[in-house]
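Here are a few exercises to work through with the viewer open. Try each task before you read its solution.

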Amino acid sequence: MKAPGTGNAVLAVLARGASIVALLVVWEIAARAQIVSAFLLPSASIVAERMVADAASGDLAGSLGLTLYRAIAGFALAASIGVALGIMIARIGIVRWFFDPLVSIGMPMPKIAFLPVFMLWFGLFDASKILLVAFSAIFPVIIAAWAATDGVDQFLIWSARSAGAGERRLLWEIVLPAALPQIMTGLQVALPISLIVTIVCEMAMGGEGLGGSIMKDMRFADSPGVFAGIVEIALAGAVLVKAMEALRRRLLVWHQEARG
Amino acid sequence: MIQILRTRTPPPRPSPLKGKGEEGASGLNPPPPEHLSKGRGSAGWGVYRRALATLFRYAPLLILALAWEAAPRLGLVSPAALPPLSAVLRAWTSLLLDGDLAVNGASSLVNLVGGLGAGVLVGTAIGILMAWYAPVEIVVNPLIRCLYPMPKTALIPVLILWFGIGAGSKIAAIFIGCLLPVTISAYNGARGVEETLVWSALSAGASRARVLWDIVLPACLPEILAGTRTALGLSFILLVSSEFLIGHTGLGYLISFLGEGGVYDAMFAGVLTVAAFGFLADRLYLAAMRRLLAWRQ
């Protein structure tokens, strides 16, 4: 099928922006026309005002900081342990034997079901949230690192070995760079999961953050606050995903995908 | 999200030689070793060896189960924090006999099937329309890009405001969560349909609707099914999270209720049940997907 919009790039960009603007306009008109009550759908301008007020009072910075801290700390744990474990599974027989059934069972399990267990073990505060985020995000990282390491070209490894590289240099200078594109893909899957789980934890356990503040606003039937919170979370998610894409481009500058 | 499905089967490696990494990088479902798949000697011997190989493969799970049983019994951890596996299994049996599992499980299943089914149908329709009609693509694609990175669990409070605390808000949460992965995969699949197929069908006099149904839909089925698998995983996350937060039925509710009541052996039984459901659903889905795609080989 024909790829649309190949003709005029500028027009395409305008059209893309336009549909988001159109969505906002439709939202504003629908809310002002009172098609549904203002409680169920506060207008875009009221929500925007609320966001500005949140930002000015410092509430936004506080919640956003807490949420990002939990999500990124959990993600960092998952990334560092997951990559190490994935590489070890691929290269060490006994590790593979032990973790293969655990990973294949753990991957499709809904890890969020363990939330009460983590609350029981690690309490209501940051530790349980961060650890549950890490537990949820680690499986895609392990699988990506494992498949990536398995897929490293054997010629590269043989030539490095025959040139006299030791195991450590082999790992850092051959295996890791060659596996990096696929590992980054796994991390790009894990990052949104981290944010999803952070939000659920904050909603279910309390403890402030963006998820906690939305839940609080809902209990007080403060619907502009709920909508403002959702938009703030959406923006945070978009920024995180973009940052990860930028990191990928930076780390993989040398790779052929950057030239494509 | 879509990418991980591809990462499980690494691209064919340029090396013409068979290397160490050759034996199924997926690792999840490695083919049985050569000497096991070929029936050597009597059939009984082969079955015996296969059973032994299975036992060896799943031994780590057995070790974990034994450690779980032993740790609280030996006093390494408090039985309050980790009830022994046998106590959890006893609690599971009584949950099953009391009908708690059946009632809450049925409620969860209805929400899951409703939300996921609607998400897959609508997502497929939107994705194919986007690939087929340029104006739809121009309007919808930016919205998808803008909404895709948003954690859908954040919508649960609004859905409670809109649909109350019954099944409606849970089904809506699952529907919204499943919609975008399926839409994106259907769009990618439909864009990749071979143009010659479409042209020849059109020139043979088929209507555009017929081409969509008979050519485009089957051709992008693999992508749609892969996207649906992602959606299945997400639907469990949304199901359990919404049941933690909303209402008085469902397995997620059962778990949090038991946890708040301090009945930890039953709580662990509930957690294991949900985890097992998620795992089984994925495996059943994979098996069904293989059957549906058998015509491609």
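The exercises below deal with a predicted model of chains A and B.

**Exercise 1. Work out how far to trust the model, with an eye on chain B.**

Step 1: start with the global scores, which are ipTM 0.84 and pTM 0.83.
Step 2: go down to the chain. Chain B has an average pLDDT of 82, and 85% of its residues reach at least 70.
Step 3: look for the weak and strong ends of that range. Among the elements of chain B, helix H5 (residues 100-132) has the highest mean pLDDT, 93, and helix H1 (residues 2-7) the lowest, 39.
Step 4: check the start of the chain. Residues 1-40 of chain B have a pLDDT below 50, although this stretch still has 62 contacts in the model beyond near neighbours in sequence.
Step 5: apply the usual caution: where pLDDT is low, the predicted coordinates should not be read in detail.

**Exercise 2. Describe the make-up of chain A, then do likewise for chain B.**

Step 1: count elements. Chain A has eleven helices and zero strands, while chain B has 13 helices and zero strands.
Step 2: get the dimensions. Along the principal axes, the C-alpha atoms of chain A fill a box of roughly 75 × 60 × 35 Å.
Step 3: check burial. In chain A, 41% of the 260 residues count as buried; in chain B, 40% of the 297 residues do.
Step 4: see how far apart in sequence the contacts reach. Take the contacts with a separation of 6 or more: in chain A, 72% of them join residues 24 or more positions apart, and in chain B the figure is 71%.

**Exercise 3. Find which residues touch the most other members of the largest nonpolar core.**

Step 1: the core has 133 residues, and the ones you're after are Leu115(A), Val141(A), Ala145(A) and Ala190(A).
Step 2: ask which element gives the most. That's helix H8 (residues 167-205) of chain A, with 18 residues.
Step 3: zoom in on Leu115(A). Skipping neighbours within four places in sequence, Leu115(A) is in contact with Leu132(A), Cys201(A), Ala204(A) and, over in the other chain, Phe244(B).

**Exercise 4. Characterise the interface between the chains, then one helix pair across it.**

Step 1: tally both sides. The contacts involve 66 residues of chain B and 64 of chain A.
Step 2: on the chain B side, helix H13 (residues 264-292) gives the most, with eight residues.
Step 3: sort that side by character: 45 nonpolar, 13 polar and eight charged.
Step 4: pick a pair. The axes of helix H10 (residues 223-251) of chain A and helix H7 (residues 156-163) of chain B come within 9 Å and cross at roughly 145 degrees; the crossing is left-handed.
Step 5: list who makes the contact. H10(A) brings Ser223(A), Val226(A), Phe227(A) and Ile230(A), and H7(B) brings Pro157(B), Val158(B) and Leu161(B). They split into six nonpolar, one polar and no charged.

**Exercise 5. Is Met244(A) buried or exposed?**

Step 1: locate Met244(A), which is in helix H10 of chain A.
Step 2: count its surroundings. There are 18 other C-beta atoms within 10 Å.
Step 3: compare with the cut-offs. Buried needs 20 or more and exposed 12 or fewer, so Met244(A) is partly exposed.
Step 4: list its partners. Beyond neighbours within four places in sequence, Met244(A) is in contact with Leu187(A), Gln188(A) and Leu191(A).
Step 5: finish with a distance. Met244(A) and Met203(A) are 41 residues apart in sequence and 25 Å apart in space, C-alpha to C-alpha.

Definitions and conventions
Residues are numbered from 1 along each chain as its sequence is written. Chains are lettered from A and ligands numbered from 1 in the order in which they are written. This is a predicted model: local features need pLDDT of at least 70, side-chain atom pairs count only at pLDDT 80 or more; totals for chains, interfaces and linings use all residues. A nonpolar core is a set of buried Ala, Val, Leu, Ile, Met, Phe, Trp, Tyr and Cys residues joined through C-beta atoms within 7 Å. Helices (H or I, at least four residues) and strands (E, at least two) are DSSP runs, numbered from the N terminus. Two residues are in contact if their C-beta atoms, placed from the backbone, lie within 7 Å. pLDDT is the predictor's confidence in each residue, from 0 to 100. Ala, Val, Leu, Ile, Met, Phe, Trp, Tyr, Cys and Pro count as nonpolar, Asp, Glu, Lys and Arg as charged, and the others, Gly among them, as polar. Axes are lines fitted to C-alpha atoms, for helices over the stretch in contact, and angles run from 0 to 180 degrees between N-to-C directions. A crossing is left-handed if the near helix is turned anticlockwise from the far one by less than a right angle, and right-handed if clockwise.
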